[in-house]
Amino acid sequence: MKKRIGVLTTGGDCPGLNAVIRGVVRAAENLNFEVIGFKDGFEGLLPVGGDTMELNSTNTAGIMALGGTILGTTNKGNFISKVGAGDVTQVKPEVLARARQTVNDLEMQGLVVIGGDGSMTTAQQLFEAGFPVVGVPKSIDNDLEATARTFGFDSAVACVADALDRLHTTAKSHRRVLVVEVMGRHAGWIALHGGFAGGADIILIPEIPFRYEKVAEAVIAREKEGCHSTMVVVAEGAKAVGTEKLMRATEHGEFKMGGIAEIVACEIAARTGKETRTCVLGHLQRGGAPTTLDRILGTRFGIKAVELIAEGKFGHMVSYQNYCVKDVPITEAVHRLRLVSPDSEMVHSGRAVGISFGD
Ligand code: F6P
């Protein structure tokens with residue numbers, strides 16, 4: 001009988017998920033494995049027999065360049081195991097029991113979980129409960145530990161750089177300050193790399209608390225040099241010294257970040273007299289076609305996940321290290337988030353080209 005493996009995408013979507021799915025399917029078929037896709041993340045494990053679709057190289061042809069995920073995903077439901085960057089909660093035993101029944105009924109010999117920090121925490125719980133799980137690291141935020149890269153990040157950075165290219169011309173024409181809010185609740189990778197690539201003048205990230213007077217000084221210094229427009233990139237989780245991150249409640253009782261750009265813009269206007277505008281990129285950063293880098297990385301990650309299953313290396317996550325695709329125990333990826341070091345070469349390079357971090 002053919003070996004049968006499953007694959008699911010979970011947490012927030014991001015460009016490159018379909019590249020991973022396609023990579024899994026092709027690598028699996030080469031080993032003569034069957035592949036079942038579970039719909040809507042871990043939730044697809046719960047209905048009797050699973051909520052599934054058969055995946056093969058015919059029905060996954062052409063999906064690599066598509067954003068989103070053909071399997072669907074959710075960052076809510078019965079398997080949420082992490083709230084924010086810390087607080088781990090246990091998946092309920094009755095939920096695990098239903099999922100186990102599905103895995104047994106379908107005689108699955110491996111399950112590829114494609115997700116971020118919270119999803120890997122759930123994957124680890126499933127592994128400890130005896131599920132044959134392997135992980136693939138996904139996040140536009142690039143904040144997962146134990147891997148130098150997650151797929152999806154490069155596409156988000158490309159989106160930010162493209163937006164800045166467009167915003168520079170209008171900011172310059174009107175001699176305005178433009179404050180662009182990007183994703184990144186805990187980590188400033190998108191703001192740092194997107195801002196760097198898009199020629200931002202000021203970058204504000206969660207890891208470097210900023211002072212409004214320093215931000216205003218940077219704008220005024222540019223003005224004196226004859227640069228009458230300024231581009232500010234602010235991560236949604238950035239905060240001024242002595243303040244808290246901006247959170248807003250949603251209809252589901254959760255807290256989401258957002259709104260910092262408007263405050264930064266008002267403070268700059270009040271302190272410099274400059275006309276300011278804001279632009280919140282939001283979910284544009286999660287949509288659209290993956291970059292070539294994310295297509296290649298996603299495919300390589302998918303292939304590696306199948307290899308891990310073939311080797312019986314369950315409880316491991318694919319990891320990118322020194323340009324090679326390797327693996328690490330999932331536990332190494334979930335104990336904390338990977339943040340930007342204020343002393344890193346990228347931050348130093350930013351300062352070297354005149355970027356202010358508002359500190
Ligand atoms: O974790 C990825 C992320 O894109 C964050 O940067 C952002 O705050 C969050 O997801 C938004 O999630 P949602 O899709 O629930 O609005």
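Let's start inside helix α3, where the buried residues are Asp117, Ser119, Met120, Thr121, Thr122, Ala123, Gln124, Gln125 and Leu126. Please keep in mind that this is a predicted model. From α3 the tour moves to a four-stranded parallel sheet, then to the helices that pack on that sheet, α5 and α7, and ends where α6 meets α7.

**Helix α3**

- Helix α3 covers residues 117–128, which makes 12 residues.
- From first C-alpha to last, α3 reaches 17 Å, close to the 16 Å expected at 1.5 Å a residue.
- Of the 12 residues of α3, 9 are buried, so the rest of the structure largely encloses this helix. Buried here stands for under 20% relative accessible area.
- The cover over those buried residues includes two helices, α2 (93–105) and α9 (331–334), along with the strands β4 (110–115), β5 (133–137) and β12 (316–321).
- After α3 comes glycine 130, with a positive phi near 100°.

**The open sheet**

- Four strands, in the order β7-β8-β6-β11, form an open sheet with parallel pairing.
- The edges belong to β7 (202–204) and β11 (276–280); each has a single partner strand, so one side of each has no neighbour in the sheet.
- On average, neighbouring strands of this sheet are turned by 15° against each other, direction ignored.
- Strand β6 (residues 177–182) runs parallel to β11 and is joined to it by 5 bridges.
- Within that pairing, valine 179 has threonine 278 of β11 as its bridge partner.

**Helices on the sheet**

- Helix α5 (residues 189–197) packs on the sheet and touches β6, β7 and β8 (230–235). The direction of α5 makes about 170° with that of β7.
- Helix α7 (residues 260–272) also packs on the sheet, where it touches β6, β7, β8 and β11. The direction of α7 makes about 160° with that of β6.

**Where α6 meets α7**

- Two packed helices are described by the angle between their axes and the distance between the axes.
- For helix α6 (residues 212–224) and α7, the angle is about 60° and the axes lie 9 Å apart.
- The crossing of α6 and α7 is right-handed.
- On the α6 side, the contact is made by Tyr212, Glu213, Val215, Ala216, Val219 and Ile220.
- On the α7 side, the contributors are Ile260, Ile263, Val264, Glu267, Ile268, Arg271 and Thr272.
- Sorted by class, this contact of α6 with α7 has 9 nonpolar, 1 polar and 3 charged residues.

Technical notes: Residues numbered from 1 in each chain as written. Predicted model: local features only at pLDDT ≥ 70, side-chain atom pairs only at ≥ 80, totals over all residues. Heavy atoms only, no water. Expected span 1.5 Å × (residues − 1). Buried < 20%, exposed > 50% of the residue type's maximum accessible area, 1.4 Å probe, protein only. Contact = heavy atoms within 4.5 Å. Pairing = 2+ DSSP bridges. Axes fitted to C-alpha atoms, helices over the stretch in contact; angles between N-to-C directions. Left-handed = near helix turned anticlockwise from the far one by under 90°. Nonpolar A, V, L, I, M, F, W, Y, C, P; charged D, E, K, R; others polar.
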